[in-house]
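I set out to record what I looked up in this structure, entry by entry.

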Amino acid sequence: MRGIEQVSWYLPRYRVDIKQLARLAGGTGGRGHRVASNSDEDAVTLAVAAVRAAAGGERRAPDRLYFSTTRPTYLDKGQATIVAAAAGWGPDVRTYDFHGTVRSGIGALVAGLEAPGRTTVALADQRYGPPGSTEDLAGADAGVAITVSDDAIATIEAVAAQSSPLHDRWRPEGALATRAWDVRWSADQLDPLVDEVVASTLNDAGLTLDEVDHVALVSPNPRVGARLRKRMAPVAAPGSRIEGAGVAQPGLELAHLLSIAEPGHTILLVVAADGAEALLLRASDALPQRRPASPYDATATLPMDAAAYYRLRGTLVQDSGRRPAPPAPAAPAALRNRDWKFALHAASCDECGAAALPPRRVCFKCQATDRMTPIALADRAAVVSAFTLDHLASPDATPAVAAVLDFGEGISGRFALTDVDPDTVRIGDRIAMSFRVVSDPPGGPRNYFWKGRPVVEEDER
């Protein structure tokens, strides 16, 4: 039956103390930590990381890819194409973008469930705003990839939706902050819509609320989630350890509930944004073999100072660095070298076996032409064989790290390292590859490429 085939996720490593953020913004209170992406991460790289985190490296190309975010890199350019290319999928994968609102994420998932064949739905978001705002203190950055097909670990039992022109949240074009109407009034408008979709879903499935095993409630309005948990207790799950991840939040909740559900259990996922949507799923006998890990168990984290967080988000002005901005990438060259730039391929000569990184048409050793076999490196762990610290590349006091990475089989190359403490880098460190932002020149296309980061426990899941 049609349903969820697999779920994979990615959480940036950095955590920022919410109390520090509040104090720096001139407020008080707050507890816990928010998940924060690095300076070289955006919605596209979060989506790529989630897709590539599929259990066991199972990333068989789907028939189509849907990508959803509220923070798109471009408005007049699809980003699903970039995600598909960085996943190593060919041009026959149909790619479509769902952007602009938290509800677009659950909409992309429903569209995938209603489409034939296999569809991967990539949900990724960066949630932030002015210092001290709700998105700033209660937001989170995350990426989730959900593949839907007829080979399901959780089958779809019922779906219901209610739409509303409710103008409770909006962000003008070019603005940093999301504006919101009074949350109490907004919650009063959303509550009856939520009740309607929950009742309709349960009625279509022939169930009562007491017969539902797991319930997840997601809304950018915190009062809606709190009221729902109160009305649906004790069925509803307690508040998540990660909240406010925008379009990615329903995916995080789904991954967590599938990590604890057993075959036959029912899962009710409710999203309240621009109306309400409810999905009822039933875990299948295949769940134990493809059970996702819970994103709420992630332990490989690094601290980020509140001031550094605000500098990365552009809400604190900083020096632009000691070197001129890099030029914008040339579109013809990027397309011509897409296997290297997006999929991170090296090449091996069919005549003499010499390896080339970057790949090339002519072998440097035997000069054979167009006799090269591609070698995928994005999933291959590398080892640091040399490194240097660059104190001029970064506008703050933290030096950038460049390293020579050895992939084995005579393949090595120079890459930047990310998500790393420069003082802890050592020769022999194991490195995983990560698709990141390299530069973002004014007026030019954002430049993406691969960087290395330390191997962490979550890489083994």
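I take buried to mean under 20% relative accessible area, exposed over 50%, and partly exposed in between (1.4 Å probe, protein chains only). The model is predicted, so I accept local features only at pLDDT of at least 70 and side-chain atom pairs only at pLDDT 80 or more, while totals for chains, interfaces and linings use all residues. Residues are numbered from 1 along each chain as its sequence is written, and side-chain values use heavy atoms, with hydrogens and water left out.

Entry one: strand β11.
I looked up β11 (residues 214-218; strands are DSSP E runs of at least two residues, helices H or I runs of at least four, numbered from the N terminus). Five of its five residues are buried, so β11 is largely enclosed by the rest of the structure. His214, Ala216 and Val218 cover one face, and Val215 and Leu217 the other. I found β11 paired in the parallel sense with β12 (residues 266-272) over five bridges; pairing requires at least two DSSP bridges. His214 stands opposite Ile267 in β12.

Entry two: Thr45.
Which helix holds Thr45? I located Thr45 in α2 (residues 43-52). Thr45 counts as buried because its relative accessibility is 2%. Leaving out residues up to four places away in sequence, I noted that Thr45 touches Asp40, Phe435, Arg436, Val437 and Tyr448 (contact means heavy atoms within 4.5 Å).

Entry three: contact of α6 with α7.
I noted that Val183 and Leu190 are among the α6 residues that meet α7, where Arg223 and Leu228 are among the partners.
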